[in-house]
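Visitor: Got a minute to walk me through this one? I'd like to start with the charged side chains.

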Amino acid sequence: MSDNPSTTAQSLDQLGFEDAMRELQATVEQLESGALPLAEALAAYKRGSALLLHAQGLLDQVQSQIEVIESGQERSIDRAGLIAPGGD
């Protein structure tokens with residue numbers, strides 16, 4: 001784990017959702033073990049918070065994409081409903 005904030009920020013940008021969640025789980029397990037010295041526990045907590053925000057941001061992006069897709073599907077369903085049966 002790096003204490004350099006710019007390296008941390010860069011590596012977060014590189015992490016996909018699944019990798020961020022794996023690292024967050026490992027961080028939580030480290031913190032729950034109680035084995036980390038105070039300074040390392042604080043650094044792990046900060047990293048975990050950043051990972052959580054990153055993962056939530058990725059989920060928000062996916063949610064927005066799903067909403068766009070669904071709204072497009074609703075419009076095509078609405079258009080299909082405007083065509084009268086047998087009105088070829």
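Visitor: Is Asp19 buried, partly exposed or exposed?

Guide: In this predicted model, Asp19 counts as partly exposed because its relative accessible area is 37%. The classes are buried under 20% relative accessible area, exposed over 50%, and partly exposed in between, using a 1.4 Å probe and protein chains only.

Visitor: Which side chain does Asp19 meet in a salt bridge?

Guide: Arg22, at 2.5 Å from N to O. A salt bridge here is a side-chain nitrogen of Lys or Arg within 4 Å of a carboxyl oxygen of Asp or Glu. Asp19 and Arg22 both sit in helix α2, 3 residues apart, which is about one turn of the helix. Arg22 is exposed, because its relative accessibility is 54%.

Visitor: How many salt bridges does the structure hold?

Guide: It holds 2. Arg47 and Glu23 also form one through their side chains, at 2.7 Å from N to O. That pair links distant parts of the chain, with Arg47 in helix α3 and Glu23 in helix α2, 24 residues apart.

Visitor: Why is Arg47 classed as buried?

Guide: Arg47 has 9% relative accessibility, so it counts as buried. Glu23 is partly exposed, because its relative accessible area is 27%. Their side chains are also listed as a polar contact of 2.7 Å. For that term, a pair of N or O atoms must lie within 3.5 Å; within protein, one must be able to donate a hydrogen and the other to accept it, and residues adjacent in sequence count only if both atoms are side-chain atoms.

Visitor: Before I go on, what are the ground rules for numbering and filtering?

Guide: Residues are numbered from 1 along each chain as its sequence is written, and side-chain values use heavy atoms, with hydrogens and water left out. As this is a predicted model, local features need pLDDT of at least 70 and side-chain atom pairs count only at pLDDT 80 or more, while totals for chains, interfaces and linings use all residues.

Visitor: OK, the overall layout then. How many helices and strands are there?

Guide: The protein chain has 3 helices and 0 strands, giving the pattern α-α-α along the sequence. These are DSSP runs numbered from the N terminus: H or I of at least four residues for helices, E of at least two for strands.

Visitor: What is the average pLDDT?

Guide: The chain averages 83, and 72% of the residues score at least 70. pLDDT is the predictor's confidence in each residue, from 0 to 100. Among the elements, helix α2 (residues 17-33) has the highest mean, 96, and helix α1 (residues 5-14) the lowest, 66.

Visitor: Where does pLDDT stay under 50?

Guide: Over residues 1-7, for which the model has 7 contacts beyond four places in sequence. Contact means heavy atoms within 4.5 Å.

Visitor: Switching to packing: which residues make up the largest nonpolar core?

Guide: Leu12, Leu15, Ala20, Leu24 and Leu51, 5 residues in all. A nonpolar core is a set of buried Ala, Val, Leu, Ile, Met, Phe, Trp, Tyr and Cys residues joined through side-chain atoms within 4.5 Å. Leaving aside neighbours within four places in sequence, Leu24 is in contact with Gly48, Leu51 and Leu52.

Visitor: And His54, what does that touch?

Guide: Not counting residues up to four places away in sequence, His54 touches Leu12, Asp13, Leu15 and Ala20. His54 is in helix α3, and it is classed as buried because its relative accessible area is 16%.

Visitor: What about Phe17, buried or exposed?

Guide: Neither: Phe17 is partly exposed, because its relative accessible area is 27%. Phe17 lies in helix α2 and touches Ala55, Leu58 and Leu59, again not counting residues up to four places away in sequence. Its C-alpha atom is 9.3 Å from that of Gly57, 40 residues apart along the chain.

Visitor: Any C-alpha separation for Val28? Which residue is it paired with?

Guide: Gly48, 20 residues apart along the chain, with 7.3 Å between the C-alpha atoms. Val28 is in helix α2.

Visitor: Last one: what share of the chain is buried?

Guide: Buried residues make up 15% of the 88 residues. As for contacts with a separation of 6 or more, 76% are between residues 24 or more positions apart.
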